[in-house]
Amino acid sequence: MIFGAHVILYSKDAEADRAFFRDVLGFKSVDAGHGWLIFALPPGEAAVHPSNEIGTQDLYFMSDDLKSEMASLAEEGGKCSEVQEARWGSITKMRLPGGGEVGLYQPKHPTALGLK
């Protein structure tokens, strides 16, 4: 029985990115040993998009009030890009200390959250 999903982000500075998830995003974690933090994430959903490239994935966190969330993140040192409007949502990106980025968006589409 599948009971969950485990997301892996690759980083040039994993320790700094873990601190960002802990201190800026405020995600709770467990230590799997030697400071290797595994974070509890908010409820999620998965989508499959067409692409000519294989191995490219994106991680987007969802918010029901993007501007308020961006202001809260800024207070913790999180820097967001300008908001882009798309058919499916209002989107910003956050640069991680290790060089990668994650998205944050306010969906304009129905979500699968809460489905069982």
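**Exercise 1. State which elements the buried residues of helix H1 pack against, and which residues these are.**

Solution. The buried residues of H1 pack against strand E2 (37-39), strand E3, helix H2 (66-75) and strand E5 (89-95). The model is a predicted one. Helix H1 covers residues 14-24, and its buried residues are Asp17, Arg18, Phe20, Phe21 and Val24. For the spacing along such a list, recall that an α-helix has 3.6 residues a turn, so residues three or four places apart point the same way. Just after H1, Gly26 has a positive phi of about 75 degrees.

**Exercise 2. Give the order of the elements in the protein and decide how its radius of gyration compares with the globule rule.**

Solution. Step one is the count: the protein has 2 helices and 6 strands. Step two is the order, which from the N terminus reads α-β-β-β-α-β-β-β. Step three is the comparison: the radius of gyration is 15 Å and the globule rule gives 13 Å for 116 residues, so the protein is as compact as a globular protein of that length. Along the principal axes, the C-alpha atoms fill a box of roughly 45 × 40 × 30 Å.

**Exercise 3. Describe the burial, contacts, surface and charge of the protein as a whole.**

Solution. Begin with burial: 23% of the 116 residues count as buried. Next, take contacts between residues at least 6 apart in sequence; 46% of these join residues at least 24 apart. The exposed area is about 9000 Å², and carbon and sulfur atoms supply 54% of it. Last, the side chains include 11 positive and 16 negative ones, with the centres of the two sets 2 Å apart.

**Exercise 4. Classify the ring pair Phe21 and Phe27, then the ring pair Tyr60 and Tyr105.**

Solution. Rings pair if their centres lie within 6.5 Å, and planes over 60 degrees apart count as edge-to-face. The count by this rule is 7 aromatic pairs. For Phe21 and Phe27, the ring centres are 5.8 Å apart and the planes are at 70 degrees, so the pair is edge-to-face. Phe21 is buried at a relative accessible area of 7%, and Phe27 is buried at 15%. For Tyr60 and Tyr105, the centres are 5.8 Å apart and the planes at 90 degrees, so this pair is edge-to-face. Tyr60 belongs to strand E3 (residues 60-62) and Tyr105 to strand E6 (residues 101-107), so the pair ties together parts that are 45 residues apart in sequence. Tyr60 is partly exposed, with 27% relative accessibility, whereas Tyr105 is buried, with 8%. Ring pairs also link Phe21, Phe27, Phe39 and Phe61 into a cluster.

**Exercise 5. Locate His34 and say whether its phi is positive or negative, and whether the residue is buried or exposed.**

Solution. His34 sits in the loop between strand E1 (29-31) and E2. The reference point is that most residues other than glycine have a negative phi. The phi of His34 is near 60 degrees, a positive value in a residue other than glycine. With a relative accessible area of 87%, His34 is exposed.

**Exercise 6. For Lys12, Pro97 and Gln57, give the location, the accessibility class and one C-alpha separation.**

Solution. Residues under 20% relative accessible area are buried, those over 50% are exposed, and those in between are partly exposed.

- Lys12: this residue lies in the segment before H1. Its relative accessible area of 82% makes Lys12 exposed. Lys12 and Gly100 are 88 residues apart in sequence, and their C-alpha atoms are 8.2 Å apart.
- Pro97: the loop between E5 and E6 holds this residue. At 46% relative accessible area, Pro97 is partly exposed. Its C-alpha atom is separated by 14 Å from that of Ser81, 16 residues away along the chain. Leaving out residues up to four places away in sequence, Pro97 touches Ala16, Asp17 and Phe20. Of these, Asp17 and Phe20 are among the buried residues of H1.
- Gln57: this residue is in the loop between E2 and E3. Gln57 is exposed, with a relative accessible area of 62%. The C-alpha atoms of Gln57 and Leu96 are 16 Å apart, with their positions 39 residues apart in sequence counted as the separation.

How values were computed. Residues numbered from 1 in each chain as written. Predicted model: local features only at pLDDT ≥ 70, side-chain atom pairs only at ≥ 80, totals over all residues. Heavy atoms only, no water. Helix = DSSP H or I, 4+ residues; strand = E, 2+ residues; numbered from the N terminus. Rg over C-alpha atoms; globule rule 2.2 N^0.38 Å. Buried < 20%, exposed > 50% of the residue type's maximum accessible area, 1.4 Å probe, protein only. Contact = heavy atoms within 4.5 Å. Areas by Shrake-Rupley, 256 points an atom, 1.4 Å probe, with all protein chains shown as cover. Lys, Arg positive; Asp, Glu negative; His and termini not counted. Charge placed at Lys NZ, Arg CZ, Asp CG, Glu CD. Phe/Tyr/Trp six-rings, centres within 6.5 Å; stacked < 30°, edge-to-face > 60°.
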